Amino acid sequence: MGSARTPSLIALVAIACTAPPHATAPPLPPPDAAPVAGARDTPPPPSSSLIPPGLRLPDDVAPTAYRVRFELDPDAPSFRGHVDIDVAITRATDHVWLNAVGLALTDLRYTAGAAPQPLIALPQRTADVVGFGFGRTLAPGRVTLHLDFAGALATSDLIGLFRQQDDGRWYLYSQLESHFARTVVPSFDEPRWKTPWTVTIVAPRRHLAFSNAPIARTTARGDRTETEFAPTPPMPAYLLALAVGPFETVDAGRVGRNHVPARIIVPAGHADEAAVAAAQTGRIVDALEAYFDMPLPLAKLDQVAVPQFFGAMENPGLITYASELLLADRAHATGEFTRAYVAVAAHELAHQWFGDLVTLAWWDDLWLNESFATWMADKVGIALDPGWDPAIRVIDETQKAMLADAAPDALPLRRAIRDVDEIESSFDAIAYEKGGAVLSMFERWIGPDKFRAGVRAYLAAHAGGTATARDFQAALAAIAAPEVQGAFEQFLVQPGVPLVDVGLRCGRDQVPVVTLRQTRLLSSGPTSSIDTPWAIPVCVRWLRDGLTASMPERCALLTRATGELRLGEPGDPAIDRGACPTLVANAGAAGYYRVRYERATAARLLAALRLATAAERAGLASDTGALVDAGAAELGDALALAQALLASGDLHDQLAATELLAGTQRLVDDAHLPAWRAWIARTVRPRVGAIALTARGREPALGGRVRRDLLDLLGVAAAEPTLGRAARHLTDAWMSGKRTIAPDDLELVLRIAATSGDAGLFARMRGAARRAGDPDERGALVAALGGFRDPALVARALGAFADGSIALDDGDDLLAAAFARPETRGAAWRYLRGHFDAVIARVPPFARGAVARVVAGFCDRGLRRDADAFLRPRVAGFGEGGHVLDSALAEADRCIAARVHHAAAVARAFAR
């Protein structure tokens with residue numbers, strides 16, 4: 001998938017709640033009704049001592065093919081169908097288990113070489129498993145199961161078969177990863193079973209129907225159309241995909257070596273918004289085929305827009321996207337949008353090889369699917385877009401992974417799956433970004449050519465089947481070196497972020513020696529020793545004037561708690577014996593580890609920063625911020641590094657410095673906040689000169705990001721008055737109908753204006769939000785309403801959300817803004833506490849537990865205690881609510897501890 005599905009405030013408003021229309025389909029049996037046999041007089045069921053399987057089905061019966069017919073109407077609240085499942089019995093048995101949830105199952109039969117016989121519903125069942133008896137013991141051989149099924153279409157969830165409205169019209173979609181195929185069709189719902197699927201959809205004639213494969217034939221059936229699709233290649237149940245509705249199609253040409261027909265499928269009236277996707281899809285496929293040296297393994301490529309969705313899903317032949325990721329009108333089809341589309345589409349298209357062609361054998365290796373697609377998206381971006389900045393992308397993703405991985409309770413990349421909830425919770429920053437960062441580290445260590453050869457060998461060996469992470473490691477080891485497999489395995493099974501302490505031992509007539517010591521960095525405080533060290537590929541560079549690009553790397557596999565690395569041999573002319581070199585201990589910032597330099601080594605690097613690469617400088621800033629946050633480095637070190645980076649004038653350095661300084665705000669208590677803001681304004685503004693509030697004409701990608709990050713730091717976090725006045729002027733002009741703000745800058749400019757805005761501006765923004773027809777503009781205005789510094793105004797904004805006058809799909813940004821600002825956090829909490837039932841009633845049931853995420857920013861013991869006492873009993877029944885609350889409270893505790901640790905340093909650094 002294109003985005004991790006961790007609980008967040010975004011999940012609160014992922015989908016709008018609307019009342020279902022009058023049913024147009026026949027009434028259904030209760031969704032959880034027990035299966036009913038297809039004949040009255042049936043033999044007795046198998047022994048009553050049978051125990052349903054747990055998480056995984058037994059392997060004595062395995063599917064070999066599905067033929068499924070769906071009757072689907074987006075305007076109806078329910079669906080029905082029939083499935084024939086060809087199975088192979090490998091051990092004599094008198095029963096079979098299937099996955100089915102919320103389905104009414106009827107007309108149950110099986111065929112074993114003769115006339116159909118009744119299947120007997122077993123009384124034993126679980127929430128996910130139903131069983132059927134054959135009435136006799138069947139020897140190993142071929143059998144076909146026949147089942148009718150019916151269920152309800154979801155309207156407030158994004159799993160199974162669900163429907164959504166766009167411009168008053170209903171559309172039907174599917175989302176079956178990870179274990180939701182069982183809510184749509186009785187099946188063997190595990191990734192290890194890859195079988196062909198032959199799908200037929202019967203739908204009203206006014207609708208178009210789509211599935212994974214090309215259409216084989218269509219037949220008119222009165223006021224309905226029967227669309228039969230060609231059989232798919234073998235695929236697991238979770239990749240089955242369906243879409244039905246009054247869609248429009250946009251031709252994206254023929255793509256790839258095999259000239260695969262490609263289309264963009266959009267809700268009615270949105271065809272003009274698919275231009276970027278249609279133009280870029282072929283280029284992305286070409287780049288992926290070149291890397292894999294293998295054609296796109298599809299007969300057709302459709303990409304379909306879903307009005308409200310969590311991100312994207314890699315269903316072969318029918319990839320689904322949140323509409324805002326796939327579609328943009330001419331005003332919003334900016335360079336920023338194009339880069340975002342390429343990133344997500346490259347991720348999903350990479351899955352056509354990694355995940356779809358070769359499928360994980362079980363969900364414990366989910367990381368391999370998602371991390372490879374994340375890693376490959378950067379490869380494609382670099383190949384296609386000169387504005388794609390690999391240094392910044394890699395640092396961003398590694399930083400996101402390390403923030404999650406530094407938690408004391410972080411889980412490993414490969415993790416044991418004990419129930420279905422643990423499958424869903426595995427879609428996180430560890431599986432996506434950490435896995436991608438680990439792949440980058442081993443690619444650099446092995447070498448890009450050998451790494452690519454290993455990837456190609458892995459795909460060729462397992463094409464059409466399933467594989468494990470060990471299969472992937474073995475392919476790399478066979479191409480590169482045997483020690484690759486053990487080193488890679490260590491990063492799979494051991495959670496956490498390695499911290500490498502680095503020093504230098506230098507002496508007269510001696511080749512310098514780098515000293516290394518590894519521990520685990522914990523965000524909760526001091527570093528932790530480790531029982532089993534990682535096998536870390538540590539690569540270092542030394543810096544000298546005039547030799548930046550040509551200086552060699554030295555790499556060592558650090559397999560113990562301590563180690564050493566010689567920087568050459570006695571006769572090496574690049575080494576000055578007797579002098580300590582200037583050292584970068586994470587060459588290219590490609591290693592998945594933090595670095596902490598001893599004082600003298602750090603001082604030499606700070607003095608020669610210009611000789612390090614942009615990625616290395618950004619990596620140093622990222623490491624420093626994380627170490628300060630964990631109490632493993634001093635605040636003064638971070639401020640000195642940020643000032644040195646700002647002084648260079650380089651855009652990469654300005655971005656790194658801005659993010660480093662923004663991170664120090666959480667260390668500052670309310671009493672020192674005004675002084676921190678004044679220090680930021682004094683330090684940053686003179687270094688960067690005049691900053692344009694909005695772009696004029698085309699703007700390089702990096703330049704635009706740096707400008708916006710600086711504006712956010714100065715205008716929102718530091719609330720600099722001159723920027724506030726300029727933003728209010730632009731905002732007033734924009735609300736009066738003038739095009740004064742570029743689309744990519746709109747949300748930020750409105751937030752800066754709100755930061756210093758008054759009740760009059762609030763009222764004008766509120767009125768503009770009511771009138772806004774463009775959802776992006778309305779969303780930006782609503783988010784800004786939560787960013788005012790007057791608690792009374794923020795309470796008014798939250799009240800508008802609670803009473804329904806602010807749309808649900810705009811509410812997440814409003815809540816996030818209200819709880820992010822120090823001045824309004826307490827007021828926002830008091831409002832939520834006093835109106836909890838009204839707010840929670842507007843949140844879809846599946847997302848209610850995510851409300852507890854607001855506690856993460858409560859860097860105050862009183863607020864933290866109050867939130868725990870109030871929310872604990874209320875979120876316990878909201879799915880993952882208790883877990884989300886625990887995680888948020890742990891983050892709040894880390895913030896409180898960091899403030900205590902750095903209190904004296906904050907007082908010294910930001911004294912008035």
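These legends describe close-up views of a predicted model.

**View 1. The second largest pocket and its lining.** The second largest pocket has a volume of about 570 Å³. Its lining comprises 23 residues. Thr334, Gly335, Glu336, Arg698 and Glu699 lie nearest the centre of the pocket. By class, 10 lining residues are charged, 7 are nonpolar and 6 are polar. Helix H3 (335-350) supplies at least two residues of the lining, and so does helix H16 (701-717).

**View 2. Strand E9 and its hairpin with strand E10.** E9 covers residues 160-166. Of its 7 residues, 6 are buried, so the strand is largely enclosed by the rest of the structure. E9 pairs with E10 (residues 169-175) in the antiparallel sense, over 7 bridges. Across the pair, Gln165 stands opposite Trp170 in E10. The hairpin has 2 residues between the strands. Asp167 takes a positive phi near 55 degrees in this hairpin.

**View 3. A cis peptide bond at Ser178.** Glu177 and Ser178 are joined by a cis peptide bond. Omega is about 10 degrees. Ser178 is found in the loop between E10 and strand E11 (197-204).

**View 4. Strand E3 alongside strand E7.** E3 spans residues 93-99. Here 6 of 7 residues are buried, so E3 is largely enclosed by the rest of the structure. E7 (residues 129-138) pairs with E3 over 6 bridges. The sense of the pairing is antiparallel. Val96 stands opposite Phe132 in E7.

**View 5. Arg864, a buried charged residue.** Arg864 lies in helix H25 (residues 861-875). Why does Arg864 count as buried? Its relative accessible area is 18%, and the buried class takes in residues under 20%. The side chain of Arg864 makes a polar contact with the side chain of Asp893, at 2.7 Å. Beyond residues up to four places away in sequence, Arg864 touches Phe858, Leu889, Ala892, Asp893 and Ile896. Asp893 therefore appears both as a polar partner and among the residues touched by Arg864.

**View 6. Helix H18 under its neighbours.** H18 runs over residues 746-755. The helix is mostly covered, with 8 of its 10 residues buried. The buried residues are Leu746, Leu748, Val749, Leu750, Ile752, Ala753, Ala754 and Thr755. Which helices help to cover the buried residues of H18? They include H16, helix H17 (721-735), helix H19 (759-771) and helix H20 (775-785). H16 also supplies at least two residues of the lining of the second largest pocket.

**View 7. Ala719, with a positive phi, between H16 and H17.** Ala719 is found in the loop that links these helices. Its phi is about 50 degrees, a positive value, although Ala719 is not a glycine. Ala719 is buried, with a relative accessible area of 14%.

**View 8. Ala589, with a positive phi, between strands E28 and E29.** Ala589 sits in the loop between E28 (582-584) and E29 (594-597). Its phi is near 50 degrees, positive in a residue other than glycine. Is Ala589 buried or exposed? Ala589 counts as buried, at 10% relative accessibility.

**View 9. Pro236 in a loop between two strands.** Pro236 lies between strand E14 (224-229) and strand E15 (242-245). This proline is buried, with a relative accessible area of 0%. Leaving aside residues up to four places away in sequence, Pro236 touches Glu190, Pro191, Trp193, Lys194, Trp197 and Thr359. The C-alpha atoms of Pro236 and Thr466 are separated by 9.7 Å. Along the chain, these two residues are 230 residues apart.

**View 10. Pro408 in a loop between two helices.** Pro408 lies between helix H5 (390-405) and helix H6 (420-425). Its relative accessible area is 42%, which makes Pro408 partly exposed. Residues up to four places away in sequence aside, Pro408 touches Arg520, Leu522, Ser523, Ser524 and Arg894. Pro408 and Ser528 are 120 residues apart along the chain. Their C-alpha atoms are separated by 9.7 Å.

Definitions and conventions
Residues numbered from 1 in each chain as written. Predicted model: local features only at pLDDT ≥ 70, side-chain atom pairs only at ≥ 80, totals over all residues. Heavy atoms only, no water. 1 Å grid on protein atoms, 1.4 Å probe; cavity = no way out; pocket = protein on both sides within 12 Å on 5 of 7 lines; lining within 4 Å. Points joined across faces, edges and corners; volume = space filled by probe spheres on them. Helix = DSSP H or I, 4+ residues; strand = E, 2+ residues; numbered from the N terminus. Buried < 20%, exposed > 50% of the residue type's maximum accessible area, 1.4 Å probe, protein only. Pairing = 2+ DSSP bridges. Polar contact = N/O pair within 3.5 Å; in protein donor to acceptor, adjacent residues only side chain to side chain. Contact = heavy atoms within 4.5 Å.
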